[in-house]
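This report describes the empty spaces within one protein model and the residues around them. The sequence and structure are shown first.

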Amino acid sequence: SPLYFASGDIQDCFYHFAVPDGLEEFFSMPGIRGRHVPWATIDGKTPHFDDWMVPLLRVSAMVWSWSLHLAQRAHETLCIPAGLTPDKRIVDRAAAIPLTRGTTRNAIYVDNFLGVSQPMSLVAKHAQQHRLQLEAHGLPVHEIEDSSTQTDFCGLHFDGVDHEVRL
């Protein structure tokens, strides 16, 4: 019998993860002289030509590996109350968890999530719980796919009818 998939994506994920107060200095960009950014203002004033400016980020920068790690862990943790517990999660470099009728498995990759199940109604229910849990924490979800026998996730194509995964 076919497998069903449901998925979604946290819209603008990294912009929703604010740098905690007091940690801004650890999320700074390299310093730059005022002459290189003549349009910049600090507290309404234009910096002097030779002044050093060190931009402090207010959100987690996608390009930093720790930002990726923190977003991944936050997503995984936020979804536990929705029943998406680690024992039901598909993870890299781990043994596969058997999927039997009436059970659901889920995969989370930073801002993307995928649910897999039989029957279709169960995967749709779990995906909705996942979305509601994220949205309850101010994380808007888009690119929603409610129930399908085929989907793409993290560069792989999943076919629930033929039970195949392809690049």
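## Basis

A cavity is a set of points, on a 1 Å grid over the protein atoms alone, where a 1.4 Å probe fits but cannot get out; lining residues have an atom within 4 Å of a point. The model is predicted: local features need pLDDT of at least 70, side-chain atom pairs count only at pLDDT 80 or more, and totals for chains, interfaces and linings use all residues. Residues are numbered from 1 along each chain as its sequence is written, and side-chain values use heavy atoms, without hydrogens and water.

## Enclosed cavity

The count comes to 1 cavity of 30 Å³ or more, and the largest cavity has a volume (the space filled by probe spheres set on grid points joined across faces, edges and corners) of about 40 Å³. Its lining consists of Leu84, Thr104, Arg105, Asn106, Phe113, Leu114, Gly115, His126, Ala127 and His130. Strand S4 (104-109), strand S5 (112-117) and helix H2 (120-136) each give two or more residues to this lining.

## Largest pocket

A pocket is an open set of points with protein on both sides within 12 Å along at least five of seven lines. The largest pocket holds about 580 Å³ of space. Among its 25 lining residues, Ile90, Val91, Asp92, Ala107 and Phe153 are the closest to its centre. Helix H1 supplies the largest share of the lining, 5 residues.

## Second largest pocket

The second largest pocket contains about 210 Å³ of space. Arg89, Ile90, Val91, Ala94, Ala95, Ala96, Ile97, Leu99, Arg105 and Val116 line this pocket.

Note on methods:
Helix = DSSP H or I, 4+ residues; strand = E, 2+ residues; numbered from the N terminus.
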